[in-house]
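Please find below some notes on this structure, written for someone who has not looked at it before. They take up the cysteines and the sheet with its helices.

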Amino acid sequence: MPMKYLLSIFLLLSINLLSAQPPQEFIDYMVKEVNDIRAKGCRCGGKRMKPANPVQWNNTLYKSARKHAKDMDRYNYFGHISKSGLDIGQRLDENGYNWKNAGENLGEGQKYFDEVLEDWLKSPSHCKMIMHPSMEEMAVAKYDKYWVQHFGTPMPDNHVRVNTYYSEGN
């Protein structure tokens, strides 16, 4: 069995059991897979996306992604707005991530990271989020059948966000 699939199996088991960060080898694997795609560029629907700079893992984004995945599981829904009415920007604020740019991909039902990543790449909007050139950091969390991928770019020091409302779309 290829190492890629063994890592995916262990990742599935680990992410569901842990409330802390996944093991470093799984973090490294997910970041590498996303960065390999970003480095090459790809087609998102009918649009050719240029290569983008690599992203790095962020623990606060993981905490926020995990909370949202657990919320969807607990209240049996699938959506970008939490049951308490918060969008991705508000949820990142609540988790202490001072963001300049923020984005989110959701998945439901995939067993392995490779499967959810493949599904995200088949969806133009999810693919564009993966390739978004302004995103610098990411995290991926899985809870039961729900996957949440959070992207962000931190607000530079000594800057304040003027528009505190996040809106979907490019």
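1. For the packing described here, contact means heavy atoms within 4.5 Å. The model is a predicted one, and in it helix α2 (residues 24-40) lies across β3, β5 (137-143) and β6, running at about 120° to β5.

2. The strands that α2 lies across belong to an open sheet of four strands, which has mixed pairing and the order β3-β5-β6-β4. Its edge strands are β3 (56-57) and β4 (99-108), each of which pairs on one side only.

3. Strand β4 runs antiparallel to β6 (residues 146-154), and nine bridges join the two; across this pairing, N105 stands opposite Q149 in β6. Helix α6 lies across these two strands, β4 and β6, and runs at about 140° to β4.

4. Helix α6 also brings us to the cysteines, where the count comes to one disulfide. The bond is formed by C44 and C127, whose sulfur atoms are 2.1 Å apart, and with -65° about the S-S bond the link is left-handed. Because C44 lies in strand β1 (residues 42-44) and C127 in helix α6 (residues 124-131), the pair ties together parts that are 83 residues apart in sequence.

5. Are the two bonded cysteines, C44 and C127, buried or exposed? C44 counts as buried, at 2% relative accessibility, and C127 counts as buried too, at 0%.

6. A further cysteine, C42, is in no disulfide: the nearest cysteine sulfur, that of C127, is 3.6 Å away, whereas a disulfide requires the sulfur atoms to be within 2.5 Å. C42 likewise counts as buried, at 14% relative accessibility.

Key: Residues are numbered from 1 along each chain as its sequence is written. This is a predicted model: local features need pLDDT of at least 70, side-chain atom pairs count only at pLDDT 80 or more; totals for chains, interfaces and linings use all residues. Side-chain values use heavy atoms; hydrogens and water are left out. Buried means under 20% relative accessible area, exposed over 50%, partly exposed in between (1.4 Å probe, protein chains only). Two strands pair if DSSP finds at least two bridges between them. Axes are lines fitted to C-alpha atoms, for helices over the stretch in contact, and angles run from 0 to 180 degrees between N-to-C directions.
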